[in-house]
Amino acid sequence: MLPQLQAAGVKVMVVTVASPKKAAEFVEAQQELPLEAVFCSSDLAAYRALGFYDNFGAALGARNAALVPLEKIRNRGERGLKEMQDSVKNFGKVSPVGLVSGRPFALEDAKAATQLGGAFALDGGEVVFAHRDRAVADHVDLSLAAAALGVA
């Protein structure tokens, strides 16, 4: 989807909990997104400012955390399972150890690992699409964000 968005003139930005070093490792491994498009928010301030849920979405309730991923898989069927597999294909190329701290078993890494994300699409500074993950695996359907920007 990234090449399609870029070809349409969409500027893609990614916010990550990772340290700049870990973000650079990820960019090198996946070889699509340029490092200039990655903003590191290891202190999670950007996530709080955007209203993303922390603690695996605990504020939404434990039932939500269990049901949302199952609902996503059921609704997307075989295509959804394939998309989920494709979306994590490069994760094994980058060690999650020391995601924020650069050292194993650090408290800040554990906190970052429980942070949920989301996606926004802006057109001329106006939010035309918003998605906040409600649980693990509640990732955005990028085709909906692209459609909101007029990219088919």
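**Exercise 1. The fold in outline**

Determine how many helices and strands the chain contains, and state in what order the elements run.

*Solution.* The secondary structure consists of six helices and four strands; the model from which this is read is a predicted one. Starting at the N terminus, the order of the elements is α-β-α-β-α-α-α-β-β-α.

**Exercise 2. Burial and contacts of the chain**

State what percentage of the residues is buried, what area the chain exposes, and what share of the contacts comes from residues 24 or more positions apart.

*Solution.* Step one concerns burial: the chain has 152 residues, and 32% of them count as buried. Step two concerns the surface: about 9500 Å² is exposed, of which carbon and sulfur atoms supply 59%. Step three concerns the contacts: among those with a separation of 6 or more, 61% join residues 24 or more positions apart.

**Exercise 3. The salt bridge**

Identify the partners of the one salt bridge in the structure, locate them, and classify each as buried or partly exposed.

*Solution.* Side chains of opposite charge can pair when their charged atoms come close. Here the partners are E25 and K22, whose closest N and O atoms are 3.4 Å apart. This distance meets the criterion, because a salt bridge requires such atoms within 4 Å. Both residues belong to helix α2 (residues 20-30), where E25 and K22 are three residues apart, about one turn of the helix. The classes follow from the relative accessible areas. K22 has 11% and is therefore buried, since the limit for that class is under 20%. E25 has 29% and is therefore partly exposed.

**Exercise 4. A nonpolar surface patch**

Name the residues of the nonpolar patch on the surface, and explain why F39 counts as partly exposed.

*Solution.* The patch is formed by V15, F39 and L50, which together have about 230 Å² of accessible area. F39 is located in strand β2 (residues 38-40). The relative accessibility of F39 is 45%, so F39 counts as partly exposed, a class that lies between 20% and 50%.

**Exercise 5. Aromatic pairs and a distance**

State how many aromatic pairs occur, which residues form the cluster, and what C-alpha distance separates A110 from N55.

*Solution.* There are two aromatic pairs in the structure. Ring pairs join Y47, F52 and F120 into a cluster. As for A110, this residue is part of helix α5 (residues 107-113) and is partly exposed, with a relative accessible area of 42%. A110 and N55 are 55 residues apart in sequence, and their C-alpha atoms are 9.8 Å apart in space.

Technical notes:
Residues numbered from 1 in each chain as written. Predicted model: local features only at pLDDT ≥ 70, side-chain atom pairs only at ≥ 80, totals over all residues. Heavy atoms only, no water. Patch = residues over 30% accessible without salt bridge, like charges linked within 9 Å, V, L, I, M, F, W, Y side chains within 5 Å. Areas by Shrake-Rupley, 256 points an atom, 1.4 Å probe, with all protein chains shown as cover. Salt bridge = Lys/Arg side-chain N within 4 Å of Asp/Glu carboxyl O. Helix = DSSP H or I, 4+ residues; strand = E, 2+ residues; numbered from the N terminus. Buried < 20%, exposed > 50% of the residue type's maximum accessible area, 1.4 Å probe, protein only. Contact = heavy atoms within 4.5 Å. Phe/Tyr/Trp six-rings, centres within 6.5 Å; stacked < 30°, edge-to-face > 60°.
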